[in-house]
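Here is a short tour of some local features in this protein model. Please take a look at the sequence and the structure before reading on.

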Amino acid sequence: MGVFKMPSLGADMEDGKLVEWLVEPGDTVKRGDVVAVVETQKGAIEIEIFEDGVVERIDAALGATLPVGAPLAVIRREGEPEAVAPADVREPEPAPVTKPAKPVATPPSVVTEAGEFPASPAARAQAAELGLDLSGLKGTGPAGAVVLADVERAGEGARKPAKQGLDFAAMRDAIAAAMTRSKQEIPHYYLDHDIDLQAAEDWRRARNADCAPADRILMGALLVKAAALAAVNVKGMNGQYRDRFEPSETVNAGMAVALRGGGLIAPAIMDAAGLSLDQLMEAMRDLVARSRAGRLKGSEMTEGTITISSLGETGVDGMTGVIYPPQVALVAFGTPRPVPRVVGAAVVPRTCVRVTLSADHRVSDGRRGAKFLKQIDTLLQRPEEL
């Protein structure tokens, strides 16, 4: 039997509140399936299972705030016999901080009171925020109950920024704790470089000329793709450091997203280097929308291998960032702006951007960091090849 535990959804997470179960005992699950929703300082995050099997038992009740590592459910692996009846099973050991609820026969994911339509608590809260009538929705949960995903589909296009669980003061405290840890434990070094973006900007404008607004590519997509490809080519920039450096085969690019009302979050776009520019642009739009709606997956919060931040049109030339542990590098792009540059024998206006690298000296050095920034520059001079 495997124990499914409360995952760590970031360096700044100590505990989470269980707000929805999407499975019940007897359900077959596969690695990567979303099985529950947990509320943290950064919103409601969908958590995935990490192994194949059958849900043998659910050990955590809705509404419980549990520390990282607390048992949530028991998963019976393929070929294992079913457990004995609950009456003959010793109760699980209590979690270090908060004792999880006793095993229950079925997950308390459905609320049914006299005269009320069956729905999970998270679904009720979201329906109330969107002004939706639960009785008019088709439920896909246990016994036909409406779950959060049903409300999400019904309210698509009418969603307001999620407020449930978002305590921005607590978020700032959590971010401060993670960044303090980063500066204390990671020996940072910094490099910056100015890149001529004129070729990339000219190509982008020509490419977007006949496109509908929804199909246009923003400069941010080119910057993310170039940084992701450079991370593939230059060792020591892409991976995580846990006791030792573990390089990653894919570039899961954490993208810094500013939340409405305050706060910052950096969920990852999986395999960013392997996506086309169109796919990357779509992924960026989707990630921003779900970040601000408080609907992210646990893997997006934990599997990032490098963070790429673009300040967009804020008017700031550059930023020196703090590495988000356990990653080993952060790339920050300033605001692209026209500046005088010498081209041949003439001084002409060119669109340029400053890029700053914050890197972990345990894994790389200034020479390798300089090679990385130069690789980004070279790639952006051939935008049609990105």
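Is Lys 235 buried or exposed? In this predicted model, Lys 235 has a relative accessible area of 67%. The cut-off for exposed is over 50%, so Lys 235 counts as exposed. You will find Lys 235 in the loop between helix H5 (219–233) and strand S10 (239–242). Lys 235 also belongs to a positive surface patch, together with Arg 367, Arg 368 and Lys 371.

Now let us turn to the backbone. Asp 243 and Asp 271 are worth a visit: Asp 243 has a positive phi although it is a residue other than glycine, and a positive phi in a residue other than glycine is found at Asp 271 as well. The table puts their values side by side.

| Residue | Phi | Relative accessibility | Loop |
|---|---|---|---|
| Asp 243 | near 70° | 80% | between S10 and strand S11 (244–247) |
| Asp 271 | near 50° | 35% | between strand S15 (268–269) and helix H6 (277–293) |

With its 80% relative accessibility, Asp 243 counts as exposed. Asp 271, at 35%, counts as partly exposed, because partly exposed covers the range between under 20%, which is buried, and over 50%, which is exposed.

One last stop concerns a peptide bond. Which two residues does a cis peptide bond join? They are Pro 325 and Pro 326, and omega is about 10° there. Pro 326 sits in the loop between strand S17 (306–310) and strand S18 (329–333).

Terms used: Residues are numbered from 1 along each chain as its sequence is written. This is a predicted model: local features need pLDDT of at least 70, side-chain atom pairs count only at pLDDT 80 or more; totals for chains, interfaces and linings use all residues. Side-chain values use heavy atoms; hydrogens and water are left out. Patches are made of residues with over 30% relative accessible area and no salt bridge: like charges are joined within 9 Å, nonpolar side chains (Val, Leu, Ile, Met, Phe, Trp, Tyr) within 5 Å. Accessible areas come from the Shrake-Rupley method with a 1.4 Å probe; for residues, only the protein chains shown count as cover. A salt bridge is a side-chain nitrogen of Lys or Arg within 4 Å of a carboxyl oxygen of Asp or Glu. Lys and Arg count as positive and Asp and Glu as negative; His and the chain ends are not counted. The place of a charge is taken as NZ of Lys, CZ of Arg, CG of Asp or CD of Glu. Helices (H or I, at least four residues) and strands (E, at least two) are DSSP runs, numbered from the N terminus. Buried means under 20% relative accessible area, exposed over 50%, partly exposed in between (1.4 Å probe, protein chains only).
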